[in-house]
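Visitor: I'd like to walk through this one with you, a question at a time. Can you show it to me?

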Amino acid sequence: MAKTGAFDLAAGLGGKIEKNDVLSAVEKYEKYHVHYGGIEEERKANYADMVNKYYDLVTSFYEFGWGESFHFANRFKGESLQESIKRYEHFIALQLGLKPGQKVLDVGCGIGGPLREIARFSFTSVTGLNNNEYQITRMKELNHVAGVDKTCDSVKADFMKMPFPENSFDAVYAIEATCHAPDAYRCYSEIYRVLKPGQCFAAYEWCMTDSFDPMNEEHQRIKAEIEIGDGLLDIRLTGQCIDALKKAGFEVLWSEDLAASSPLPWYLPLDKSRFSVSSFRATTLGRFFIRSMLKALEFVGLAPKGSQRVQNFLERAADGLFEAGRREIFTPMFFFLARKPLPQSQ
Ligand SMILES: C[S@@+](CC[C@H](N)C(=O)[O-])C[C@H]1O[C@@H](n2cnc3c(N)ncnc32)[C@H](O)[C@@H]1O
């Protein structure tokens, strides 16, 4: 069952971190970032610890505020947020041309919202790869409830060194996950290794666009807000992802920033000045409600100390994403479809 109540939120806070250690985990997490004096080399060297701490701290908030799929979507008029999220998942299945019975890999699968939808939509067996223990536990529970636990499995591992033999999968996809990789080329090379020749990899990447000016202090500030609020090391440019794909050996069949053609902005649910029932928890009133609730839950000891600090950096992330989206300097939906070529003789 989805955990969307206030007590579910409180119970899941901190993930696998001991409740008494949540506050110090928040402090350690914050110290990795520029704003608190952190440096990029240190974030990169400790990427697994930083990203895991981040997801232990925020998963419960994500599920409470957004649902089982932890990603954005391009938006069409007349569609609810949840409808657009599902359509966006179907789109990736369609681009990969998934066929019943195929073996598919979901790289950085979260708690498996997209995995369950794609497995049911395409009649495929999807393996969810994730480095976060708490999310894997939640995914197993939800896969069981959804009835896909016989055909879909999960593996706890780092996508920089996957525990699969080469040429294992008929298709691979990654939704807003490989942006956490310390090195895109090494990550895509691992994906290339486990994908069968002639088959495809598709992804939605978080990227800075060509409108991002690294010399502009405001742009730099917004980028840093997104990095701290979303557990990221250093957001790459769209061109850097394409270069990394080609260097890894992929043939890029199609790439496009879907934000540019979205009839409604993807960042609409983050607009706190707008009232929305479906994304109420992101509005000013909704945020105030969550902050007050967390204060009360922390006070009576039901939520661990540090929970309000997590809510604070998530709010900063939402504001950073909104600003970056409005200025078109960032996209969470740089889509690409890439193929592992067949060996020359074939
Ligand atoms: C924004 S979430 C997206 C989750 C999922 N794709 C979805 O759309 O619901 C990013 C995911 O990448 C996973 N991740 C980050 N770094 C990873 C790594 N090095 N190895 C495996 N998974 C990783 C996180 O644990 C998290 O589940």
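Visitor: Is Cys152 buried or exposed?
Guide: Quick background: this is a predicted model, where local features need pLDDT of at least 70, side-chain atom pairs count only at pLDDT 80 or more, and totals for chains, interfaces and linings use all residues. Residues are numbered from 1 along each chain as its sequence is written, and side-chain values use heavy atoms, with hydrogens and water left out. Buried means under 20% relative accessible area, exposed over 50%, and partly exposed in between (1.4 Å probe, protein chains only). Cys152 has a relative accessible area of 4%, so the word for Cys152 is buried.

Visitor: How many disulfides does a search of the whole structure find?
Guide: A disulfide here is a pair of cysteine sulfur atoms within 2.5 Å. Searching the whole structure with that cut-off turns up 0 disulfides. For Cys152, which is in none, the nearest cysteine sulfur is 10 Å away and belongs to Cys109. Cys241 is in no disulfide either, and the sulfur of Cys207, its nearest, sits at 3.7 Å, so the count stays at 0.

Visitor: Which residue offers a polar side-chain atom 2.8 Å from a nitrogen atom of the ligand?
Guide: Around the ligand are 21 residues, the closest being Phe70, Gly108, Asn130, Gln135 and Asp158; being near takes a heavy atom within 4 Å. Backbone polar atoms approach ligand nitrogens too, at 3.3 Å for Asn131 and 2.9 Å for Phe159. The side-chain approach at 2.8 Å comes from Asp158.

Visitor: What share of the ligand's exposed area does the protein bury?
Guide: Taken alone, the ligand exposes 600 Å² (Shrake-Rupley method, 1.4 Å probe). With the protein in place, the buried part of that area is 97%.

Visitor: Which helix gives the largest share of the shell around the ligand?
Guide: By type, the shell divides into 10 nonpolar, 9 polar and 2 charged residues. Helices are DSSP runs of H or I with at least four residues, strands are E runs of at least two, and both are numbered from the N terminus. The largest share is 3 residues, from the helix spanning 47–65, namely H4.

Visitor: Asp158 came up already; which residue does its side chain meet in a salt bridge?
Guide: A salt bridge needs a side-chain nitrogen of Lys or Arg within 4 Å of a carboxyl oxygen of Asp or Glu. Asp158 is buried at 9% relative accessible area, whereas its partner counts as exposed at 57%. The N to O distance is 3.6 Å, and the partner is Lys161.

Visitor: How many residues apart are Asp170 and Lys196, the pair linking distant parts of the chain?
Guide: Their side chains meet in a salt bridge at 2.8 Å, N to O. Asp170 belongs to strand S4 and Lys196 to strand S5 (residues 195–208). Asp170 counts as buried at 15%, while Lys196 is partly exposed at 28%. Along the chain, their separation is 26 residues.

Visitor: What is the phi of Phe123 near?
Guide: Most residues other than glycine have a negative phi. Phe123 lies in the loop between helix H6 (113–122) and strand S2 (125–130), and Phe123 is exposed at 63%. Its phi is positive, near 55°.

How values were computed:
Polar contact = N/O pair within 3.5 Å; in protein donor to acceptor, adjacent residues only side chain to side chain. Nonpolar A, V, L, I, M, F, W, Y, C, P; charged D, E, K, R; others polar.
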